[in-house]
Every structure is written in structure tokens, then in C-alpha cells.
Amino acid sequence: MNPREKKESAKKETGGLVFERDETLDPLGLPLGEPRKTVLVTGHKGQLGQALMELLTPDFCLCGVDLDEMDITVAEEVAGAFYLHQPDIVIHTAAMTDVDGCELDPEAAIRANSLGTQNLVIASEEFNCVFIYLSTDYVFPGKSKRPYFECDPTGPLSWYGKSKLLGEEFVRNMLFRYFIIRTSWLVGEKGRNFVKMMLKLAREKDELTVVNDQLGCPTFARDLAKAIRELVDTPYYGTYHVTNSGETTWYDFAVKILEEAGLDTPVRPITTEELNRPAPRPSYSVLSGLLFRERGFTPLRSWEEALHEYLKNIGQLNNP
Ligand SMILES: NC(=O)c1ccc[n+]([C@@H]2O[C@H](COP(=O)([O-])OP(=O)(O)OC[C@H]3O[C@@H](n4cnc5c(N)ncnc54)[C@H](OP(=O)(O)O)[C@@H]3O)[C@@H](O)[C@H]2O)c1
């Protein structure tokens, strides 16, 4: 029955009396429309989690959970959180993100990044949720001469990359309505990251040494959160690469950070071998956002532009 037919039938039933009701208003005068969807954000205290909690607040009923509320490695805790919050959408950002820590304790990495993800995937299947999984450029081996496409073969070098890739596989094999978002070199306004570390070290040390033989792209959490906001209400499920635009080395990134912050501490380029960290890193991990662009989503701005705004927001820009 269309709205006019509905009105005519109501007229008959009430003997000609018609109660005009604005269906967009509830009795308190609030817009009714569609009920707000409930979004469960895992790792809401992390860099991306915090950006998502800020950005999504007006549009969704948001529930943030972190290690102290729900350990993703404990299936019962995951089930409990799903029964409590009844989510429509799950954005899974929680992870063991310490790349060298994962290398030193592969079992802990697999427990958190793979099995933790599997626990959430099982619950999401049960609750029929749309699932968004954050993955990484470190699933690639880094031998490419051009930005990695979504369909390029993976081949992680580190336990962090391997454990995140296994998480991807659980998502792909068990769910239909999912987004896997691979991103790189994440920088959030809250939380630990490379930018904050460089600013701190530049004030403490006479010289910084930074690796100059790894090429990638920084991604600012706010910009990534906006991209997730764009994706989440669409039916274009699948795997996407989402980073800021451009590419750089950690060394050039550090130089730019210090320049923008007005710090003149010298930065000396070194090799990955000289740095001698436990986990191997891909020497090239730039991601092509081809599918994201082709689907008509808004490409993220350049990392330089995002860095400028970031430093301004955290009060570290030299010439605001
Ligand atoms: N950071 C990057 O450069 C980068 C690059 C590419 C992709 N990613 C991916 O992007 C996502 C977000 O990264 P991020 O930098 O925002 O992460 P983050 O700041 O390290 O935050 C992750 C959060 O997850 C929590 N967590 C860890 N283990 C958990 C567990 N067993 N149960 C519940 N919560 C747990 C952490 O708690 P604690 O702090 O108490 O451990 C933390 O609050 C991750 O999935 C990551 O793999 C990150």
C-alpha cells in the first residue's frame, strides 16, 4: 500500500477523520528516520580507534571496547560484548601492532591478530554484522617496483605481517559482508607514533638517525576514519588499500616533520641493516588505492598536507 492508499484506507476506518502525522518526527519532536546503527569499535583507545570514536559519533550508536573491557583472544569475552552491545557493524582495529614485539613473540602475535580476529568474525557471523578489518602494508614482501594493487600476491616477511594476513583469511573465508582495509604507517592524534617520537627525540638528542631504504606512505588516522565512514554504508564489500597519497622514506618523512615543526636537529640517513631491528620490513610497501578510487570514493589527500594539519592540531607547527 502506498502512502496515498494508506491515507484513504485510514479515512474509511475512522469515518472520514484523518490524523495527519509527520512521520519524520517522534512524539518528542526528534527525527525518527532510520534507527541509528550500532557500531562496535575494537581497540577504541588506539590511534585509529580514537579517531573513529570522534568522527562516527553523530551518525551511529557507538560502543568502544579495548583490552580492559574485552580481550579479543578470549572467545567468551567477545561473545559477551556482542550480546551486550548487539552491533550492526564491527570495526576491528584492535591488534598487537608492535612489529618487533610480534617478531620476538610470534605466538602472542598469532593469538591477538589471527585468533582474536577469528573470534570476532565468528561472533559477527552469528550477529549478522558488517565487518571491517584493518590490515597492513606489511602483508606484502616489498619487492615491487610499483604501488601494490589489492590483487597482488601477498608474502609477509614478519610475524606481524603473517599474523595480520591470517586474520584477513578468516574474514574472507567466513564472511560475505566485509571490508578489509589495508593501510600503512599510521599516525593518530592520540597514541604513540613515528611523528611524536621524532619530535621528542629531536628535542632530546643532538642528532637523529633514520632509515632511508624503506619506501611507504604515512596515513593519518583522521583521514582514514573519514574513508571508513564513506565505505561503511555501501554494499561494495571487499579488500581496499587506503592510505594518504604519495610516498616517502622514513628519513624524508622525519626531515619534513622537523622542518614543519621548526626543529633544526640534524637527521642522518642510515640503512635498515644498520638499524638492526628484530623484524624484517618490506623495503617497498606503497599501496595503490585503485579499487577505492575506481569505486568513486574520495581519494585521501597527500601525506604532506595531512602532516601539516596534524602538527597544527597537536600544537607543534612552526608557522601555524
Ligand atoms: N600503526 C600502524 O602503523 C599500522 C599500519 C598498518 C595497519 N595498522 C593496523 O591498523 C589498526 C589500528 O592500528 P593503531 O595504530 O590504531 O593501533 P594501536 O594504536 O596499537 O591500538 C590498538 C589497540 O588494540 C588494543 N589491543 C591489543 N591487544 C588486544 C586484545 N588482545 N584485545 C583487545 N584489545 C587489544 C591495544 O591495547 P594496548 O595498547 O593496551 O595493547 C590498543 O588499544 C591495527 O589493526 C593495525 O594492525 C596499523
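User: Which element gives the most to the shell around the ligand in this predicted model?
Analyst: Helix α2 does, with 3 residues.

User: Which residues come nearest to the ligand?
Analyst: Gly-43, Gly-46, Gln-47, Ala-95 and Leu-186 do, out of 27 residues around the ligand. The elements giving two or more residues to this shell are α2 (47–56), α5 (106–126) and β4 (130–136).

User: What makes up the shell by class?
Analyst: Polar residues number 13, nonpolar 10 and charged 4. Gly counts as polar here, so Gly-43 and Gly-46, both among the nearest residues, fall in the polar class.

User: Why is α9 called oblique to α12?
Analyst: The two helices, residues 250–261 and 303–313, pack at about 45°. Roughly parallel needs an angle under 35 degrees, and roughly perpendicular starts at 65. The angle of about 45° fits neither, so α9 is oblique to α12. Their axes lie 10 Å apart.

User: Which hand does the crossing of α9 and α12 have, and which residues make the contact?
Analyst: α9 passes α12 in a right-handed crossing. Lys-256, Ile-257, Glu-260 and Ala-261 of α9 meet Glu-304, Leu-307, His-308 and Leu-311 of α12.

User: What makes 3 residues of that contact charged?
Analyst: Lys and Glu count as charged, so Lys-256, Glu-260 and Glu-304 belong to that class. The rest divide into 4 nonpolar and 1 polar. His is not on the nonpolar or charged list, so His-308 is the polar one.

User: How do you know which class the residues of the α7 and α9 contact belong to?
Analyst: Val-195, Met-198, Leu-199 and Ala-202 in α7 meet Ala-254, Ile-257, Leu-258 and Ala-261 in α9. Val, Met, Leu, Ala and Ile count as nonpolar. The contact therefore has 8 nonpolar residues, with no polar and no charged.

User: What is the geometry of α7 and α9?
Analyst: The axis of α7 (residues 194–204) comes within 10 Å of that of α9, and the two cross at roughly 65°. This crossing is right-handed.

User: How do α3 and α5 pack?
Analyst: Helix α3 (residues 75–85) meets α5 at about 35°, with axes 9 Å apart. The crossing is right-handed. Ala-75, Val-78, Ala-79 and Phe-82 of α3 touch Asn-119, Leu-120 and Ala-123 of α5.

User: What makes 1 residue of the α3 and α5 contact polar?
Analyst: Asn is not among the nonpolar or charged types, so Asn-119 counts as polar. The other residues are 6 nonpolar and no charged.

User: Where does pLDDT stay under 50?
Analyst: Over residues 17–23. That stretch has 4 contacts beyond four places in sequence. For the chain, mean pLDDT is 92, and 89% of residues reach 70 or more.

Definitions and conventions:
Residues are numbered from 1 along each chain as its sequence is written. This is a predicted model: local features need pLDDT of at least 70, side-chain atom pairs count only at pLDDT 80 or more; totals for chains, interfaces and linings use all residues. A residue is near a molecule or strand if its C-beta atom, placed from the backbone, lies within 6 Å of it. Helices (H or I, at least four residues) and strands (E, at least two) are DSSP runs, numbered from the N terminus. Axes are lines fitted to C-alpha atoms, for helices over the stretch in contact, and angles run from 0 to 180 degrees between N-to-C directions. Angles under 35 degrees count as roughly parallel, over 145 as roughly antiparallel, 65 to 115 as roughly perpendicular and the rest as oblique. A crossing is left-handed if the near helix is turned anticlockwise from the far one by less than a right angle, and right-handed if clockwise. Two residues are in contact if their C-beta atoms, placed from the backbone, lie within 7 Å. pLDDT is the predictor's confidence in each residue, from 0 to 100.
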